[in-house]
Amino acid sequence: MITTNGTLGFILTVLLAVLLSASLAIATKVHTDWVLSVRNKFAGQKQSLDALKEHDSRRHLRMLAGIDLPLGGDGRPNSAGLYYAKIGIGTPLKDFYVQVDTGSDIMWVYCLHCKGCPNKNYLGMDLAQYNLKDSHTGKLVSCDQEFCLEINEGPISGCSANKSCPYTEVYGDGSSTAGYFVRDAVQYDQVSGNLQTSSANDSVIFGCGARQTGDLSSSDEALDGILGFGQSNSSMISQLASSGKVKKMFAHCLDGTNGGGIFAIGHVVQPKVNTTPLVQNQPHYNINMTAVEVGHSLLNISRDAFGTGGTIRTIVDSGTTLAYLPEVIYKPLLSKIFANQTDIKLRTVHNQYTCFQYPGSVDDIFPPVTFHFENSVSLKVYPHEYLFLFI
């Protein structure tokens, strides 16, 4: 079954491994600076195409709505995210479950006495709230500090040196989050040997969410906050890189069985990974696709799909589940996939899904699809991965 509106029906989780260090295989042994164990919110659940598309539509609304925000990204900790991890914050340590998001530029968690915040998180547990007074290492970020001046592109009107640096973000659906920035110790797992990790911590600036409105006040799929891995200087990875703690690169090594995996931050030494360069000066992580291959034949793609340099610019996002292609690629791809299946009758279901009946293994009659990227990086997707069983 394939959708008729430009969505190729395969899950994009493998492609997400491209990111900054393009790892196209599940890593059983990773040598890097530090790691986050992540889980997929759909793990253990039956993944209906309707649910995945609904998730992605909310996600893309958020991504598009965030382009004019002063922070250069969002931080919405609800259904727009896909992967989450546990981190420790403060001294003494307190655990927070946060969404790991390449589409956001800041890390933030709910603060004590937050107005409009849900009481329960997505996991059914009481929402963890950060209290600056409970941490011996926590400090407010004032308006005159370099971090505040940089993310606001200068001084904030009415915000003096003895006041905390505020943030406010408004989303495309009308919901919003607001609070202030603090600096505190964040604990993570650091690689200390072969398949071994030890706890380490660094001082990181993050948002303390004090007020939520709209959908952000709902417990539906909420977590304790968000860990932004975006490109701006306000993201956690940028802060760690600027302090010399890690190299500014990471890889998402995926677990295709359990729906999670790890985020490896810093230079990945083992296993050997293939890399593809990022397109510079873009609001989101972009890579260049060079060709699409169906079976052993390159797809004849209209020149309208190519940008400068003869490539197709592609957003890579940890919060999107499916691959979305423009019609100039999607339609010829669909035709090529079914070119040799003249006996299969296609029909439209629910005005959006192209379906057919076949009792055997789809891998026996349909071709694999290979996406090619710069630096000879490729991703092969097999029929059982791009065709959904419609129930």
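Which residue in β15 is the bridge partner of Glu293? The views below come from a predicted model, and the answer is given with the hairpin in Figure 4.

**Figure 1. The whole protein, with its five helices and 21 strands.** The protein has 391 residues, and 51% of them count as buried. Its accessible surface comes to about 18,200 Å². Carbon and sulfur atoms account for 49% of that surface. Among contacts between residues at least 6 apart in sequence, 70% join residues at least 24 apart.

**Figure 2. Strand β11 (residues 225–228) and its two partner strands, β5 and β6.** The residues of β11 point in two directions: Gly225 and Leu227 one way, Ile226 and Gly228 the other way. All four named residues are buried. Strand β5 (residues 94–101) runs parallel to β11 and is joined to it by four bridges. One position to find here is Asp101, which stands opposite Gly228 of β11. Strand β6 (residues 107–115) runs antiparallel to β11, and three bridges join the two. Here Met107 stands opposite Leu227 of β11. Thus β11 has a parallel pairing with β5 and an antiparallel pairing with β6.

**Figure 3. Strand β14 (residues 286–294) with β16 and β20, a mostly covered strand and two of its partners.** Eight of the nine residues of β14 are buried. With β16 (312–315), strand β14 pairs in the antiparallel sense over four bridges. Within this pairing, Asn288 has Arg313 of β16 as its bridge partner. Strand β20 (residues 369–373) also runs antiparallel to β14, and five bridges join them. In that pairing, the bridge partner of Ala291 is His372 of β20.

**Figure 4. The hairpin of β14 and β15.** Strand β15 covers residues 297–298. It pairs with β14 in the antiparallel sense over two bridges. The opening question is answered here: Leu298 in β15 is the bridge partner of Glu293. Two residues lie between the strands of this hairpin. In the hairpin, Gly295 takes a positive phi near 65°.

**Figure 5. Gly310 in the loop between β15 and β16.** Is Gly310 buried, partly exposed or exposed? Gly310 has a relative accessible area of 42%, so it counts as partly exposed. The class runs between the cut-offs of 20% for buried and 50% for exposed. Asn288 can be shown in the view with this glycine: Gly310 and Asn288 are 22 residues apart in sequence. In space, 9.2 Å separates the two, C-alpha to C-alpha. Asn288 is the β14 residue whose bridge partner in β16 is Arg313.

**Figure 6. The cavity and its lining.** Rolling a probe the size of a water molecule over the atoms shows where empty space is left. The structure holds one cavity of 30 Å³ or more. About 40 Å³ of space lies in the largest cavity. Ten residues line this cavity. Thr102, Asp105, Gly230, Gln231 and Pro283 are the lining residues that lie nearest its centre. How many residues of the lining are nonpolar, polar and charged? The lining divides into two nonpolar residues, seven polar residues and one charged residue.

Conventions. Residues numbered from 1 in each chain as written. Predicted model: local features only at pLDDT ≥ 70, side-chain atom pairs only at ≥ 80, totals over all residues. Heavy atoms only, no water. 1 Å grid on protein atoms, 1.4 Å probe; cavity = no way out; pocket = protein on both sides within 12 Å on 5 of 7 lines; lining within 4 Å. Points joined across faces, edges and corners; volume = space filled by probe spheres on them. Nonpolar A, V, L, I, M, F, W, Y, C, P; charged D, E, K, R; others polar. Buried < 20%, exposed > 50% of the residue type's maximum accessible area, 1.4 Å probe, protein only. Contact = heavy atoms within 4.5 Å. Areas by Shrake-Rupley, 256 points an atom, 1.4 Å probe, with all protein chains shown as cover. Pairing = 2+ DSSP bridges.
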